[in-house]
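Thanks for coming. I will go through one structure today, from the overall fold to the ligand and then to a few single residues.

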Amino acid sequence: MPDARRTLPRNDPRQYDDLAGEWWRPDGAFAMLHWLAESRAALVPAASRPAALLVDLGCGAGLLAPHLAGKGYRHVGVDLTGSALRQAAGHGVTVVNADATAVPLASGCADVVAAGELLEHVPDWRTVVAEACRLLRPGGLLVLDTLNDTALSRLLAVHIGERLPTVPRGIHDPRLFVDARALAAECARHGVNLRLRGIRPQLTRVLGWLARRARGAGGVPPRIVPTWSTAVLYQGWGRRERDQTQTDVSEEGTVA
Ligand SMILES: C[S@@+](CC[C@H](N)C(=O)[O-])C[C@H]1O[C@@H](n2cnc3c(N)ncnc32)[C@H](O)[C@@H]1O
């Protein structure tokens, strides 16, 4: 299991450079991101207009791309990590090397904004939420998933999760985990009423996957399924209110 913390502090973005070779290995250190990407993409409907834009904040190496195929979006990915963006570009993503707290794209340009496993990695998630909502067209869809700021989340995602081969060690700083109620309140402040649900990997499939992986065999990857509690991992989705006042929305939307 790669140890992303050998020389770098927890959550240091340079860890993603050290782990660059892991992104597209389905059984690699980012395996769970593949399962989450499939689940996130399932919340995204087919585009309702030509030239629809999906902005993927913290896109990493573009793991969402295969799950969006055929839905009719231009997939624009924003990330800080150049080594990840180069891989995303190789998977058809139009990449923007930028901080998700200051995205150089026009307000109201996006039909969908996705922020998968990003908010728990940024020191100021409220600014990212503000940016995500700014980018959305009225009626546009925000889709995200993150880790809750609870003791159970710290136990499962960090102390246990980072000892499994599905999550790199040191990749999380639990002080950045995102309280679900605060997130919903912040989105509402920016005109997006977020629905929340807890999610988790299918446990029996994870056990089978771990056993097969230990034998070096491939197989069906686990799926992410809804669960009753948002206390650990959760998804949020909601549309931007149509009556929000925006001065700089163009009908076509533009990518700067
Ligand atoms: C856990 S990965 C998730 C990647 C991708 N969303 C996925 O689910 O496969 C977090 C990503 O967020 C990026 N990231 C962290 N802080 C960021 C920031 N402030 N702005 C943009 N990207 C950031 C990292 O470079 C990394 O690619």
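Eight helices and eight strands make up the secondary structure of the protein. Please keep in mind throughout that this is a predicted model.

Start with the overall dimensions. Measured by its C-alpha trace, the protein spans about 55 × 35 × 35 Å along its principal axes. The radius of gyration is 17 Å, and a compact globule of 256 residues would have one near 18 Å, so the protein agrees with that expectation. Of those 256 residues, 53% count as buried. If you take the contacts with a separation of 6 or more, 74% of them are between residues 24 or more positions apart. On the outside, the protein exposes about 11,500 Å², and carbon and sulfur atoms supply 54% of that area.

Now the ligand. How many residues surround it? There are 19, and the closest are Gly58, Asp79, Thr81, Ala100 and Gly116. Sorted by class, this shell has 10 nonpolar, five polar and four charged residues.

Three polar pairs are worth going through. At Gly58 the backbone is involved: one of its N or O atoms lies 2.6 Å from a nitrogen atom of the ligand. At Asp79 the side chain is involved, with a polar atom 2.6 Å from an oxygen atom of the ligand. Asp99 also uses its side chain, where an N or O atom is 3.0 Å from a ligand nitrogen. As for cover, the ligand on its own has 590 Å² of accessible area, and the protein covers 96% of it.

Next, some single residues, beginning with Glu22. This residue is in the loop between α1, residues 15-18, and α2, residues 31-41. Is Glu22 buried or exposed? Its relative accessible area is 14%, under the 20% cut-off, so Glu22 is buried. A polar atom of the Glu22 side chain lies 2.8 Å from the backbone nitrogen of Ala29. For a sense of distance, Glu22 and Ile224 are 202 residues apart along the chain, and their C-alpha atoms are separated by 20 Å.

Thr146 belongs to strand β5, which covers residues 136-147. With a relative accessible area of 0%, Thr146 is buried. Its side chain makes a polar contact with the side chain of Glu120, at 2.7 Å. Which residues does Thr146 touch, leaving aside its neighbours within four places in sequence? The contacts are Glu117, Leu119, Glu120, Val178, Leu183, Val232, Leu233 and Tyr234.

One name on that list, Glu117, comes back for its backbone. Phi of Glu117 is near 50°, a positive value in a residue other than glycine. Glu117 sits in the loop between β4, residues 110-116, and α5, residues 125-135. At 12% relative accessibility, Glu117 counts as buried.

Asn11 is another such case: phi is positive, about 65°, and the residue is not a glycine. Asn11 is found in the segment before α1. Its relative accessible area is 10%, and because buried means under 20%, Asn11 falls in that class.

To go back over the main points: the protein covers 96% of the accessible area of the ligand, and Gly58, Asp79 and Asp99 supply the polar pairs I described. Thr146 in β5 is buried, and Glu117, one of its contacts, has a positive phi. That is what I have for today.

Key:
Residues are numbered from 1 along each chain as its sequence is written. This is a predicted model: local features need pLDDT of at least 70, side-chain atom pairs count only at pLDDT 80 or more; totals for chains, interfaces and linings use all residues. Side-chain values use heavy atoms; hydrogens and water are left out. A residue is near a molecule or strand if one of its heavy atoms lies within 4 Å of it. A polar contact is a pair of N or O atoms within 3.5 Å; within protein, one must be able to donate a hydrogen and the other to accept it, and residues adjacent in sequence count only if both atoms are side-chain atoms. Accessible areas come from the Shrake-Rupley method with a 1.4 Å probe; for residues, only the protein chains shown count as cover. Ala, Val, Leu, Ile, Met, Phe, Trp, Tyr, Cys and Pro count as nonpolar, Asp, Glu, Lys and Arg as charged, and the others, Gly among them, as polar. Helices (H or I, at least four residues) and strands (E, at least two) are DSSP runs, numbered from the N terminus. The radius of gyration is taken over C-alpha atoms; the globule rule is 2.2 Å times the number of residues to the power 0.38. Buried means under 20% relative accessible area, exposed over 50%, partly exposed in between (1.4 Å probe, protein chains only). Contact means heavy atoms within 4.5 Å.
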